[in-house]
Amino acid sequence: MSAKAISEQTGKEFLYKHVCTSAAVQNRFRYASVTAETDWDRLAQDHPWLLTERLVVKPDQLIKRRGKLGLVGINLDLEGVREWLSGHLMRETTVGKAKGVLKNFLIEPFVPHTQEEEFYVCIYATREGDHVLFHHEGGVEVGDVDAKAQRLMVAVDEKLSEDQVTEQLLTQVPDDKKEVLASFIVGLFNLYEDLYFTYLEINPLVVTQDGVYVLDMAAKIDATADYICKAKWGDVEFPPPFGREAYPEEAYIADLDAKSGASLKLTLLNPRGRIWTMVAGGGASVVYSDTICDLGGVDELANYGEYSGAPSEQQTYDYAKTILSLMTREKHSQGKVLIIGGSIANFTNVAATFKGIVRAIKDYQGPLKEHEVTIFVRRGGPNYQEGLRVMGEVGKTTGIPIHVFGTETHMTAIVGMALGHRPIPNQPPMDAHTANFLLNASNSAMNGLQVSDFFSLCLVVPSAKATTLFRKQTKAMVWGMQTRAVQGMLDFDYVCSRDGPSVAAMVYPFTGDHKQKFYWGHKEILLPVYKNMADAMKKHPEVDVLISFASLRSAFDSTVEAMQYPQIHTIAIIAEGIPEAQTRKMIKMADEKGVTIIGPATVGGIKPGCFKIGNTGGMLDNILASKLYRPGSVAYVSRSGGMSNELNNIISRTTDGVYEGVAIGGDRYPGSTFMDHVLRYQDTPGIQMIVVLGEIGGTEEYKICQGIREGRITKPVVCWCIGTCATMFTSEVQFGHAGACANQASETAVAKNQALRDAGAYVPKSFDELGDVIKTVYDELVANGTIIPAQEVPPPTVPMDYSWARELGLIRKPASFMTSICDERGQELIYAGMPITEVFKEEMGLGGVLGLLWFQRRLPRYACQFIEMCLMVTADHGPAVSGAHNTIVCARAGKDLISSLTSGLLTIGDRFGGALDAAAKQFSKAFDSGMLPMEFVNKMKKDGKLIMGIGHRVKSINNPDMRVQILKDFVKQHFPSTQLLDYALDVEKITTSKKPNLILNVDGFIGVAFVDLLRTCGGFTRDEADEFVEIGALNGIFVLGRSMGFIGHYLDQKRLKQGLYRHPWDDISYVLPEHMSM
């Protein structure tokens, strides 16, 4: 949702902080908030004026007309305020149909004034601009300000002047107050624009000799502008409408939504209700709520919400488990139902999202059965057959009644089944699998001559605002690296038998110019990708459509740039969440330049046989199932992208198919309106009937009524406005689309449906009957000869993408790599089966992580500590050793960190640092063969081999290595057994008796101790322990530890700014051969 109400306190804080006016604004920041937890002594200490001034107290919970409801305490002292609150705070109150508890109150100074000093001012946004309303009589009895107030409209991108305010709004204001009011109203308007308000009302605004007082204020801001206004707004809390509690689960889902590119919404209506919904899609979620209410379930409807925009499996799981947790807290005498519904998805992988829901159902299977929950599922879209199969399987394995339906079943039919209004089919018919559509071996391929009649009406030269937006020759440019959407467009082009791809090029500012590979049928092709739009437009003058996948932050700039090129006639803006003020500027510019905008917040549109925008129409299985590869006789316009695909399905099943369909987007101010497209359809000869899916909010549908009455629209119009349930709710509910909110009675879906019916449109009784009404109208047009259905022509086949075939389980291929230690694909990184959060929660440390990643084991605590000690003692041994020396030389030669580190690591081997593995192997072999320590020493001497891990250049039996001593003390104290270490120490006694520096060095100690650890910690079999030694795991300890030291030496040399190293001559012995004469 974009326009969100803020508390009066927040609104006044914004005003006091940021308003710029010459008028003296009084009582700045003089307000105090009170709840049941308020410490009154602390409150008086923080706001000392509470003790000295007369006060006003009122609830701050988005309640209108508080004065008339007796909810304002006036002219009280602080004790009087406390006494007044004792009768109101935490008391249940009814406001209209809403019943709620008064929890939050605002205390402000009382302002003595006369009625003549009260005024009314309001600013609110519309598509064309911002309206400023002013009335010279404010206060409780202001009455119908819409009828009485002076009104001034400030067009988009224009400014308001004091002269305009004085001349048009202040005509009935005393002269001595005009200057102050004009300055304040202009300052208020500038504040309204700068802080992205969408509604701002002050009543009364009091003007006395001392200045201006803002007594009561109501406001909404455009929440999508947070990224622009964060510095000025701070952290804004949006209170729920009065009568609806703010639940922690709603906040949890809102937080998930904020962190996700998908859309996740949840509103709790009645947590004790028996009817729960989990619906995919903003439009579909409204339709399901409507149908539940139409069938008498309004009092039992527990929640409103939606998940859409291709959420991940983990996000869907989190959403689903929240719903299941809520619905299994209280039992219902009739049991409960869960409706998992949705329209036909355009791009969401249904099977992937259902995996998350299935996980949640399995986790909650006990409570679900205990609460007698029955689940009804209806879904369509990419891979929906697999999703439905998995959902059906979980019902069988858990014993939970789950009834599963696909696109063969009307979208809302499951509501009637769930509520007992229609029977549940035993074996619902299943549509063909995705693979059957895509791999269908048809012998007759469509060619241009066979279908030329279909497209003869498409070849219209574009005008200022073209009636025909898309033709069979249309070429588009795609902004953004959306390869999946582009491939979908090319596959659509191919099955429509276009001569070539509809996408001419792509623009992506984050890479250089290059070519991107796609498929045209069986053949690979390359499409150019440009870094900037200017080059793309210059090289592709044939392009007249821009499809923008730019983010909500960059969509405005890229769209404005695109409109600078006269060749662009149509722009589709996919992004959701663009601030309304920016959208209105784009609309104004588009109107001036004759450009049609589809969106924002849309999936786009489709013209069967000609062109499709991005992901519209879904994948090829739905394109073919809904016969979108050739034109029919019915055109539609919808707000919702998901519902537009549902209309494709409904229209294809009840008529000869779709001629054109557009989803204008769910924002309050779509770039093009219902009427824009209805008039295009009226003027397009190939279209014989029109379908409009409107919704609650706005008044655009009334223009259709007017067009029908005036005879401008003569073709049959079937229309239904979704959101009829809103009038049945006791508190305001913001539906999935930003524009789906009625601000007055005329904007309700019920009022608009009745107006359309009265005007002569065909309006069903509910969405459930929409398909029946469409079929009735179509059959009449066929009967009277207006429509002559064309003979079906099979489309050419398109090969399935490898990735999608694999997703469907149609093929298998051996993986190029295998891994068993780490998985980063899910919501959370996993080390050897342990989520990263658990790693930190268990405080496993570096040793524990190494155990998971190297040994795939959760090692005992002492083992983890030993590993960490090994890393510490091997971290460094000074700059003189070969590895550190190499690192230093490399660093001083100006090389980077990686090169210098690698130079040092390459010196590690049997002679330096690499003796861990060799020592472990030599000592293990001798010990395991039963060889006595003396026999082992004698054999190595006889064979002429060094004993790895024995000997040190500096340390000796008389000057022991403290690193070895530290490790020895720990191992002897914590290891269950130290057989190999004891054996090595016996060898040391023999070797040091011959020469004192032939001690068991740190490499040898770690090697033999690690063998003891692997063999005796209980986590490994003997074979597994020996294998880790054999494959070099122990040398990894030295490599990992010493890397810390090498990096330290590199940083030290850089910090000391040491120059290039050259070895001194006097430290080199030059031994050259004597001169030899030939």
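Which residue in β19 stands opposite I375? I402 does. This is a predicted model. The chain has 1078 residues, and 55% of them count as buried. It holds 39 helices and 35 strands. The briefing below covers two open sheets, a hairpin, two helix pairs, one buried phenylalanine and one annotated span.

**Overall build**

- Taken along the principal axes, the C-alpha atoms fill a box of roughly 115 × 90 × 80 Å.
- Among contacts in the chain with a separation of 6 or more, 73% come from residues 24 or more positions apart.

**The parallel sheet**

- Strands β15, β17, β18 and β19 form an open sheet, in the order β15-β17-β18-β19.
- The pairing in this sheet is parallel.
- Its edges are β15 (275-277) and β19 (402-405), and each of these pairs on one side only.
- Direction ignored, neighbouring strands are turned by 15° against each other on average.
- β18 covers residues 373-378 and pairs with β19 in the parallel sense.
- Four bridges make up that pairing.
- Within it, I375 faces I402 across the strand pair.

**The antiparallel sheet and helix α1**

- A second set of four strands forms an open sheet, ordered β2-β7-β3-β4.
- Here the pairing is antiparallel.
- The edge strands are β2 (32-34) and β4 (73-76), each with pairing on one side only.
- From one strand to the next, the twist averages 25°.
- Strand β7 spans residues 105-109 and runs antiparallel to β2, with three bridges joining the two.
- S33 stands opposite L106 of β7.
- Helix α1 (residues 8-18) lies across three strands: β2, β3 (55-59) and β7.
- The helix runs at about 45° to β7.

**The β5-β6 hairpin**

- β5 and β6 form a hairpin, with two residues between the strands.
- G96 sits in the turn and has a positive phi of about 65°.
- Strand β5 (residues 92-95) is joined to β6 by four bridges, and the two run antiparallel.
- T94 stands opposite K99 of β6.
- In a regular strand, side chains alternate between the two faces of the sheet.
- β6 (residues 98-101) shows such alternation: A98 and G100 point to one face and are buried.
- K99 and V101 point to the other face and are not buried.

**Helix pair α33 and α36**

- α33 (residues 915-928) packs with α36 (residues 979-994) at an angle of about 100°.
- Their axes are 10 Å apart.
- Angles of 65 to 115 degrees count as roughly perpendicular, so α33 and α36 fall into that class.
- The α33 side of the contact consists of F923, S924, A926 and F927.
- These meet Q979, L980, Y983, A984 and V987 in α36.
- By class, this contact has seven nonpolar, two polar and no charged residues.

**Helix pair α29 and α30**

- α29 (residues 845-855) and α30 (residues 861-873) pack at an angle of about 105°.
- The axes of this pair are 7 Å apart.
- This pair is therefore roughly perpendicular too.
- G845, L846, G847, G848 and L850 in α29 meet C864, I867, E868 and L871 in α30.
- The class count for this contact is five nonpolar, three polar and one charged residues.

**F970**

- F970 is placed in helix α35, residues 962-974.
- Is F970 buried or exposed? Its relative accessible area is 10%, so F970 is buried; the cut-off for buried is under 20%.
- Leaving aside residues up to four places away in sequence, F970 touches Y862, Q865, F866, M869 and F975.
- F970 and T35 are 935 residues apart along the chain, and their C-alpha atoms are separated by 59 Å.

**An annotated span**

- An unreviewed UniProt entry places the feature "domain: CoA-binding" at residues 469-578.
- In the model, that span is 25% helix and 29% strand.
- The end C-alpha atoms of residues 469-578 lie 24 Å apart.

Terms used:
Residues are numbered from 1 along each chain as its sequence is written. This is a predicted model: local features need pLDDT of at least 70, side-chain atom pairs count only at pLDDT 80 or more; totals for chains, interfaces and linings use all residues. Side-chain values use heavy atoms; hydrogens and water are left out. Two strands pair if DSSP finds at least two bridges between them. Axes are lines fitted to C-alpha atoms, for helices over the stretch in contact, and angles run from 0 to 180 degrees between N-to-C directions. Contact means heavy atoms within 4.5 Å. Angles under 35 degrees count as roughly parallel, over 145 as roughly antiparallel, 65 to 115 as roughly perpendicular and the rest as oblique. Ala, Val, Leu, Ile, Met, Phe, Trp, Tyr, Cys and Pro count as nonpolar, Asp, Glu, Lys and Arg as charged, and the others, Gly among them, as polar. UniProt positions are given in the numbering used here, feature names are shortened, and annotations may be inferred rather than shown by experiment. Buried means under 20% relative accessible area, exposed over 50%, partly exposed in between (1.4 Å probe, protein chains only).
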